[in-house]
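This briefing sets out selected features of the structure shown below, grouped by topic. Attention is given to the nonpolar interior, the charged surface and a single strand position.

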Amino acid sequence: MKVSTEKIPESQIVMTIEIEPERLDEARKKALRKLSPRAKVPGFRPGKAPANLVRQYFGEERILDEALDDLVPDVYREAVMADDSIDPVARPRLVVETTEPLVVKATIPVRPTVELGDYAAIRVPEDTVVVDDARVDETMMVLRRRAATLEPIERELQWRDIARIDILGMVESEELVDQKDAEIQLVEERDVIFPGFEEELLGHKKGETIEFDLAAPETVTSEKFAGKQAHFTIHITETKEEVLPELDDEFAKQVGESFETVDALRQRIREDIERAEAEQRDNRYHDQILGELVDRAAIEFPSVMLDSEVNRILHDQAGRVERGEDMERYLAGIGKTEEEARAEIRPVADLRLRRSLVLAKVSEAEHLAVAEDEIDAEIEKMVASMGPQAEQFRSMFASENGRDTVRRNLLTRKTLERLIEIATQDGGHVADADGEQTADEPKAKRARKEKAKDDQQATTTVGNANPNSEPSEPAMVPVETVPEGEITTGS
């Protein structure tokens, strides 16, 4: 068996395998024996017909196809096993170029190649999180409004008042809306379907009926209403005002964790906002560092890995659907074909894959690893807040796949921390040959460690001070080796 290889773009290798004629002859004989029981030759029981009659029954082409189906995967595996430099990550594309002699070409997706460039020279300045008093005051006002009472009023409507109204909206002779007993709070600078609607209610009292015209907005696409004037008739049936509680220690005690004083409540709000802002800052910071890392790197990977990442993101967005009709329902809901959805996802998948690959390469270059006791500690930390479901989650994470997921996440975290050390230091590369820190930890690193500890213990209990944010770091991409592939016949 003669084998030659050629590297081609997108992390692929073309392997050309020429097989000895004697081996193909033996494969043909084996195929004939395999087909013999299926031959329906008159005068002979299945499997008892002479070889020449079986050959006539199936034809040489069918026998050759059967022989190639068995022989080609075998010779491919032998060739790959004999070459330690080839590390397949997915099934190859196998093409039979000629049969005399038998020549097979295998196009093999192999592991990506990543050249990091001078990643130790990355420097990204950090932003400082500053929370001014106005942000705290806004959150305090949100809390007071949540605890507000509504009291009936006889005066004219003002901003923040609540009105219960009957609405009739007409466009020429067509009814646009007819709603009884609708409740609306007049909130300034809020987006409404008909801009100016709330302003028309200001200055009017309970029991009044008012009429006014407003232009149909661009969001109204119906031909019956678009671009026309809507005439509204409004009857005000009830009016109330929002009465806020006094901002005193008594109010503070009623919020969340029963703070003893207003000052204690304000301090917790400030800390929560700072924590949320720091998290968002860190996400942006990670994005900047990873962007620099990707820009400096030379990355090549097989298209099959990108296709796999597109599949993963699409299924995540669709709620990890398993059945075809569920995916169809999801696509119908977003108004896209599967091809359109994949095309939209592809740039995102490409960036995530590149980031994952460079992170993996940095962890290798920095000799970073995750110990088993670190995985155990992380699992315990994760299940600590699960309550009655703690054991179920612990069992899930205790599986090989579960521990591997935790390992990859911890390695990603360690790698990002190392990149932050590099990006925030004043001098050069500070790791020794074993990747250990040789200089004092930068202040930013120490602050992040303390923040991470606090985040494990603290839970936001007040206001809107802790909005959810998407983690920016991608998970390390596991790559599986699949040795076989489909066989096609070339010219």
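Helices are DSSP runs of H or I of at least four residues, numbered from the N terminus. The model is predicted, and the points below concern its cores, a surface patch and one strand residue.

**Nonpolar cores**
- The largest nonpolar core has 35 residues, of which Y119, L293, I299 and V358 touch the most other members.
- At least two residues of this core are supplied by each of α7, α8 (303-317), α9 (324-334), α10 (338-365) and α13 (400-424).
- Helix α10 provides the largest share of this core, with eight residues.
- Another core lies apart from the largest one and has 32 residues, including L24, V41, L94 and L102.

**Negative surface patch**
- E246, D248, D249, E250, E260 and D263 form a negative surface patch.
- Within this patch, D263 is placed in helix α7, which spans residues 262-296.
- D263 has a relative accessible area of 59% and therefore counts as exposed, the cut-off being over 50%.
- Helix α7 thus holds a member of the patch, D263, and α7 also supplies at least two residues of the largest nonpolar core.

**Strand β10 and residue T237**
- T237 lies in strand β10, which covers residues 229-243.
- The relative accessible area of T237 is 30%, and the residue is partly exposed.
- Although T237 and A163 are separated by 74 residues in sequence, their C-alpha atoms are 7.6 Å apart in space.

Note on methods. Residues are numbered from 1 along each chain as its sequence is written. This is a predicted model: local features need pLDDT of at least 70, side-chain atom pairs count only at pLDDT 80 or more; totals for chains, interfaces and linings use all residues. Side-chain values use heavy atoms; hydrogens and water are left out. Patches are made of residues with over 30% relative accessible area and no salt bridge: like charges are joined within 9 Å, nonpolar side chains (Val, Leu, Ile, Met, Phe, Trp, Tyr) within 5 Å. Accessible areas come from the Shrake-Rupley method with a 1.4 Å probe; for residues, only the protein chains shown count as cover. A salt bridge is a side-chain nitrogen of Lys or Arg within 4 Å of a carboxyl oxygen of Asp or Glu. Lys and Arg count as positive and Asp and Glu as negative; His and the chain ends are not counted. The place of a charge is taken as NZ of Lys, CZ of Arg, CG of Asp or CD of Glu. Buried means under 20% relative accessible area, exposed over 50%, partly exposed in between (1.4 Å probe, protein chains only). A nonpolar core is a set of buried Ala, Val, Leu, Ile, Met, Phe, Trp, Tyr and Cys residues joined through side-chain atoms within 4.5 Å.
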